[in-house]
Amino acid sequence: MKKRRLIFAAIALVLAAAYIYRTYPRHVDITLQGVQYHADAPGQGIKPVTVAVHGTVEHPLFGLEKFDGTINILGASVPYPANGKFLRLSIIPQDGGLIPYLKSNQARLYGEIYPNRNFTALAVTEWQNSGWSSANGLVIAVPARTRAQAVHLSNVLMRQSQLLFGRRLK
């Protein structure tokens, strides 16, 4: 009888530790070098970009991941107007999260972010004229130094994205 209680207590302790590890908010303070490229346009050049992410990521057991903090994108063709401003993002795993900003007191969208679990790699689609398509869209991938690295990373992070409809970037 004592053995059963000890086993039950050990299992409960392991489950509690796993729950805390999975759901405990993690601080993110990362600056990454990457590139911006035109999706599906291999002949186009790349542009070096720096992305700094500072904030807290929450991974609840059920529901959407949440990011509270700042995202600074420097060097992109489409400047990010909310650099340094506090954001609260909801991120659907494998499907990204919308990056908003305010312009003339109206909410606008800069694009969509696709981070890995700990924000050490991410892809950002930059929307132009209220939308994005792989035919004319811009993508930022960090960390990456070449177009091939950036496309590979983007395909890994965006593999189940609704934007790609099951296709891969080239």
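In this predicted model, strand E7, which spans residues 122–126, is largely enclosed by the rest of the structure, because 5 of its 5 residues are buried. The burial extends to both faces of the strand, with Leu122, Val124 and Glu126 covered on one side and Ala123 and Thr125 on the other.

E7 has pairing partners in strands E6 and E8. Strand E6 (residues 106–115) runs antiparallel to E7 and is joined to it by 5 bridges, and within this pairing Gly111 has Glu126 of E7 as its bridge partner. The hairpin that E6 and E7 form has 6 residues between the strands, and in this hairpin Phe119 adopts a positive phi near 65 degrees. Strand E8 (residues 138–142) likewise pairs with E7 in the antiparallel sense, over 5 bridges, and here Val124 stands opposite Ile140 of E8.

Ile140 leads from the strand pairing to the interior. Its contacts, leaving aside residues up to four places away in sequence, include Leu122, Ala123, Val124 and Glu126, together with Val35, Val49, Val51, Ile73 and Tyr110. In the largest nonpolar core, which has 25 residues, Ile140 is among the residues that touch the most other members, alongside Val51, Ile73, Tyr110 and Phe119. At least two residues of this core come from each of the strands E1 (26–38), E2 (47–58), E3 (65–74), E4 (87–91), E5 (97–103), E6, E7 and E8, with E2 giving the most, 4 residues. A second core, separate from this one, has 16 residues and includes Trp127, Ala141, Ala144 and Leu157. In soluble globular proteins, nonpolar side chains tend to be buried together.

Note on methods: Residues numbered from 1 in each chain as written. Predicted model: local features only at pLDDT ≥ 70, side-chain atom pairs only at ≥ 80, totals over all residues. Heavy atoms only, no water. Buried < 20%, exposed > 50% of the residue type's maximum accessible area, 1.4 Å probe, protein only. Pairing = 2+ DSSP bridges. Core = buried A, V, L, I, M, F, W, Y, C linked by side-chain atoms within 4.5 Å. Contact = heavy atoms within 4.5 Å.
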